[in-house]
Amino acid sequence: MSKVTLYSFPTPNGVPISIFLEELGVPYEAVKMSISDGDIGKVHNQVKSPWFLEINPNGRIPAVQVDGFNVFETSAILLYLAAEFDKENKFSFHPINNPKEYSEVLQWLFFAHGGVGPMQGQANHFVKYAPEKIPYAQNRYLNETKRLYSVLESQLSKHKWLAGDKYTIADIKTHGWVRRADMLEINIAEWPNLKDWADRIEKREAVQKGLKVPPL
């Protein structure tokens with residue numbers, strides 16, 4: 001049995017990995033990391049600690065070790081865990097046997113990784129945390145987040161899941177951000193198919209377990 005260690009914190013980028021591990025039924029150890037800049041140089045499990053930078057040079061969560069092999073970046077971790085542990089392709093597709101379906105998953109995974117996550121993350125920063133309130137930045141990233149939600153809505157008006165008829169790592173990755181729309185006072189009921197999709201994912205047993213890892 002592989003030894004899997006997850007280094008994380010329950011953020012929109014962190015929870016997709018714990019959720020996927022729960023969906024896979026893979027035993028793992030979770031190490032709670034500090035993402036606070038105030039803990040740099042003071043807390044052993046801070047993400048800028050030298051030992052953690054050996055695992056993730058970018059000094060961010062999440063990261064995993066599988067039998068000593070390090071993987072960082074949420075989407076890269078999801079793809080690696082799928083290749084390593086999802087042998088029956090329950091949450092993914094075989095890249096050789098089903099190249100088109102595999103590509104669909106990659107397209108939506110990258111859409112979330114390069115679009116939804118960064119745009120919503122910047123909106124969170126400028127609306128909630130920036131020391132100086134900049135209306136232009138707030139409006140730019142809020143509006144772009146909503147535009148991306150509209151793209152998801154369009155896809156989900158035609159398909160049950162983002163990549164078609166199967167719940168995949170693309171859904172797991174994207175859900176991590178969409179479920180936190182309330183942080184920006186965005187009401188996803190404006191996009192009824194997106195809300196239905198998010199509600200269905202939220203009710204999954206593995207999702208409920210993964211959202212609590214590592215415990216706060």
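**Figure 1. Contacts of S75 in the predicted model.** In this predicted model, S75 touches L109, H113 and K173, leaving aside residues up to four places away in sequence. S75 sits in helix 3, which spans residues 74–85. The residue is buried: the relative accessible area of S75 is 4%, and the cut-off for buried is under 20%. Helix 3 also packs on the sheet shown in Figure 2, where it touches strand 1, strand 3 and strand 4. The direction of helix 3 makes about 135° with that of strand 4.

**Figure 2. The four-stranded sheet.** Four strands form an open sheet in the order 2-1-3-4, and their pairing is mixed. Strand 2 (29–32) and strand 4 (69–72) are the edge strands. Each has a single partner strand, so one side of each lacks a neighbour in the sheet. On average, neighbouring strands are turned by 20° against each other, direction ignored. In a regular strand, side chains alternate between the two faces of the sheet.

**Figure 3. Strand 1 beside strand 2.** These two strands run parallel and are joined by four bridges. One bridge pairs S8 with K32 in strand 2. Strand 1 covers residues 4–8 and supplies at least two residues of the largest nonpolar core.

**Figure 4. The hairpin of strand 3 and strand 4.** Strand 3 and strand 4 pair in the antiparallel sense, over four bridges. V64 stands opposite V71 in strand 4. Two residues lie between the strands of this hairpin. In the hairpin, D67 takes a positive phi near 50°.

**Figure 5. The largest nonpolar core, with F20 as one of its hubs.** This core has 54 residues. F20, Y149 and W197 have the most contacts inside the core. Eight elements each supply at least two core residues: strand 1, helix 1, strand 3 (63–66), helix 3, helix 4 (99–129), helix 5, helix 6 (169–178) and helix 7. F20 touches L78, L81, A82, F91, I169 and I172, not counting residues up to four places away in sequence. In soluble globular proteins, nonpolar side chains tend to be buried together.

**Figure 6. A second nonpolar core.** This core is separate from the largest one and has eight residues. Among them are V31, V47, F52 and I55.

**Figure 7. Salt bridge between R204 and E23.** The whole structure holds seven salt bridges, and this view shows the one that joins the side chains of R204 and E23 at 2.7 Å, N to O. The pair links distant parts of the chain, 181 residues apart. R204 lies in the loop between helix 7 (192–202) and helix 8 (205–210). E23 lies in helix 1, residues 15–24. R204 is partly exposed, with a relative accessible area of 27%. E23 is buried, at 15%. Side chains of opposite charge can pair when their charged atoms come close.

**Figure 8. Salt bridge between R147 and E144 in helix 5.** The N to O distance in this pair is 2.8 Å. Why are R147 and E144 separated by about one helical turn? Because they are three residues apart in helix 5, which runs over residues 135–156. R147 is partly exposed, with a relative accessible area of 44%. E144 also counts as partly exposed, with 23% relative accessibility.

**Figure 9. Salt bridge between E205 and K209 in helix 8.** The side chains of E205 and K209 meet at 3.4 Å, N to O. The two residues are four apart in helix 8, so about one helical turn separates them. E205 is exposed, with a relative accessible area of 57%. K209 counts as partly exposed, at 43%.

**Figure 10. The two annotated domains.** UniProt, in an unreviewed entry, places the feature "domain: GST N-terminal" at residues 1–89. Over residues 1–89 the chain is 29% helix and 19% strand. The end C-alpha atoms of this stretch are 19 Å apart. The feature "domain: GST C-terminal" is placed by UniProt, also from an unreviewed entry, at residues 98–216. Here the chain is 67% helix and 0% strand. The end C-alpha atoms of residues 98–216 are 40 Å apart.

Key: Residues numbered from 1 in each chain as written. Predicted model: local features only at pLDDT ≥ 70, side-chain atom pairs only at ≥ 80, totals over all residues. Heavy atoms only, no water. Salt bridge = Lys/Arg side-chain N within 4 Å of Asp/Glu carboxyl O. Buried < 20%, exposed > 50% of the residue type's maximum accessible area, 1.4 Å probe, protein only. UniProt positions renumbered as here; feature names shortened; annotations may be inferred. Contact = heavy atoms within 4.5 Å. Core = buried A, V, L, I, M, F, W, Y, C linked by side-chain atoms within 4.5 Å. Pairing = 2+ DSSP bridges. Axes fitted to C-alpha atoms, helices over the stretch in contact; angles between N-to-C directions.
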